[in-house]
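Work through the exercises below with the sequence and the structure at hand. Try each task before reading its solution.

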Amino acid sequence: MRVLAAMSGGVDSSVAAARLVEAGHDVVGVHLALSKDAQQTRESARGCCSLEDSADARRVCDKLGIPFYVWDFSDKFKEEVIDNFVWSYENGETPNPCLRCNEKIKFAALLDRAITLGFDAIATGHYAIIDKDGNLRRSADPLKDQSYVLGVLTRDELDRCIFPVGDTEKPQIREEAARHGFSTASKPDSYDICFIPDGNTQAFLGRSIGMRPGMIKDTHGNELKEHDGAFRYTIGQRKGLNIRVPAADGKPRYVTDVDAATGTVTVGPREALKVHEITADRLKVLHPAMSEAAASGEELAAHVQIRAHGGVVPCTARIEGDAMTLDLHTPLEGVARGQAAVLYLPDPDGLGDVVLGSGTICATA
């Protein structure tokens, strides 16, 4: 099989490529250049797309004896990820740019070019498993599981993906990299948002959106203080509100709603954060059970996860067209528009939870 290995410059993609070569595949490594002004070192970049990362990826490919290329996706990354990130905050949402990057760049755009060039599949270092039936499942390492951020793929995309490290825990991956002599063996994991080098998201949004004064109110409509941008606040936020007037009951306040159109940020007690129902659109269907529920109109029993490293709760899903309503059996807190709701079939056979599909949260109740 001719496989294009996406090389981030980290330990996971390094071992993924090595396993493909050992399995006898015809492998070509490619690093995605996502910025026209990439930072030189990981320490200054804090993400996964620095010049240092590109050099690390090249060294791994040299050791493996496979071709290596750098593909410039910076324009598409700006349009699909950075601009979307800013737009989402402008509209009162809380987006996940890494999830968006997976959806639009690391799989859709990369796979499209790979197929055009004659590759059979693409491979990445994501921690997830594709079983013998083609279903996406959680990885063997629960601490590193990335099935949530892959829940936004389409069925066609998933059918052309390989995740070589998903069946192994991270410490063993590092040991394997060390045995190969890869410099990435001890390289720290990437963190933060790659296009915000200093990690200051609020400052980045301030430069991108500009100051837009509005009012912080309580759940009774009382004005508490003026703010300089609704984008500075997210659902569930407690710190950084700097409200001088204490709540009547003396308890902490949390952001319970962000209305970007009026610039109104609403705060209230923790109890007001509880969400019992989620509506999501932009559905991605990955499993027949979700397809059958959509076709029949029958309710679907599932678990839902709304954050990359968050827990799951049982729910009942009702699917109509390109939207679904989730009745949560246990209420969730801090649910915001723009987050992904990924549905799972809880471990049906002892091999791990199965991803059913996903949607983008557009309303809560």
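The exercises that follow concern a predicted model, and each task is followed by a solution in steps.

**Exercise 1. The order of the sheet**

Task: Find the order of the strands in the open sheet of five strands, and state which strands stand at the edges.

Solution: Start with strand 1 (residues 2-6) and strand 2, which run parallel and are joined by five bridges. One opposite pair here is Val3 and Val27, the latter in strand 2. Between these two strands the chain passes through helix 1 (residues 11-22), and this β-α-β crossover is right-handed.

Next, go to the pairing of strand 2 with strand 3 (residues 68-72), which is also in the parallel sense and has five bridges. His31 faces Val70 of strand 3, and Ala33 faces Asp72 of strand 3.

Now read the whole sheet: the order is 3-2-1-4-7, with parallel pairing. Strand 3 and strand 7 (161-162) are at the edges; each has a single partner strand, so one side of each lacks a neighbour in the sheet.

**Exercise 2. The surroundings of strand 2**

Task: Decide how many of the eight residues of strand 2 are buried, and say what this tells about the strand.

Solution: The cut-off for a buried residue is under 20% relative accessible area. Strand 2 covers residues 26-33, and seven of its eight residues are buried. The strand is therefore largely enclosed by the rest of the structure.

**Exercise 3. Where two domains meet**

Task: Describe the contact between domain 1 and domain 2, from the residues in contact to the salt bridge.

Solution: First take the bounds. The domain assignment of the protein chain lists domain 1 (2-180), domain 2 (201-268) and domain 3 (274-364). The centres of domain 1 and domain 2, taken over C-alpha atoms, are 36 Å apart.

Second, look at the contact itself. On the side of domain 1, eight residues touch 10 residues of domain 2. The two domains bury about 750 Å² between them, with 74% of it on carbon and sulfur atoms. Within domain 1, the residues that lose the most area to domain 2 are Val86, Tyr89 and Glu90, which together make up 61% of what that side buries.

Third, count the salt bridges between domain 1 and domain 2: there is one. A salt bridge links the side chains of Arg212 and Glu90, at 2.9 Å from N to O.

Last, turn to helix 9 (residues 201-209). Its buried residues are Phe204, Leu205, Gly206 and Ile209. The buried residues of this helix pack against helix 4 (74-90). Just after helix 9 comes Gly210, with a positive phi of about 90°.

**Exercise 4. A hairpin**

Task: Work out how strand 8 and strand 9 pair, and which residue of their hairpin takes a positive phi.

Solution: Strand 8 (residues 214-218) pairs with strand 9 in the antiparallel sense, over four bridges. Within this pairing, Ile216 is opposite Lys225 of strand 9. Four residues lie between the strands of the hairpin, and Gly221 has a positive phi near 90°.

**Exercise 5. Positive phi outside glycine**

Task: Locate Asn242 and Arg282, and class each as buried, partly exposed or exposed.

Solution: Begin with the background. Most residues other than glycine have a negative phi.

Asn242 has a positive phi, near 50°, and is not a glycine. Asn242 lies in the loop between strand 9 (223-227) and strand 10 (254-259). Its relative accessible area is 57%, so Asn242 is exposed.

Arg282 has a positive phi of about 50° and is likewise not a glycine. Arg282 belongs to strand 12 (residues 275-285). At a relative accessible area of 38%, Arg282 is partly exposed.

**Exercise 6. A residue in a loop**

Task: Is Ser50 buried or exposed, and how far is Ser50 from Lys217 in sequence and in space?

Solution: Ser50 is in the loop between helix 2 (42-45) and helix 3 (51-64). The relative accessibility of Ser50 is 2%, so Ser50 counts as buried. Ser50 and Lys217 are separated by 167 residues in sequence and by 42 Å in space, C-alpha to C-alpha.

Methods: Residues numbered from 1 in each chain as written. Predicted model: local features only at pLDDT ≥ 70, side-chain atom pairs only at ≥ 80, totals over all residues. Heavy atoms only, no water. Buried < 20%, exposed > 50% of the residue type's maximum accessible area, 1.4 Å probe, protein only. Pairing = 2+ DSSP bridges. Right-handed = clockwise from strand over helix to strand, strands pointing away. Domains from an automatic or database assignment. Contact = heavy atoms within 4.5 Å. Buried area = accessible area lost by both parts, 1.4 Å probe. Salt bridge = Lys/Arg side-chain N within 4 Å of Asp/Glu carboxyl O.
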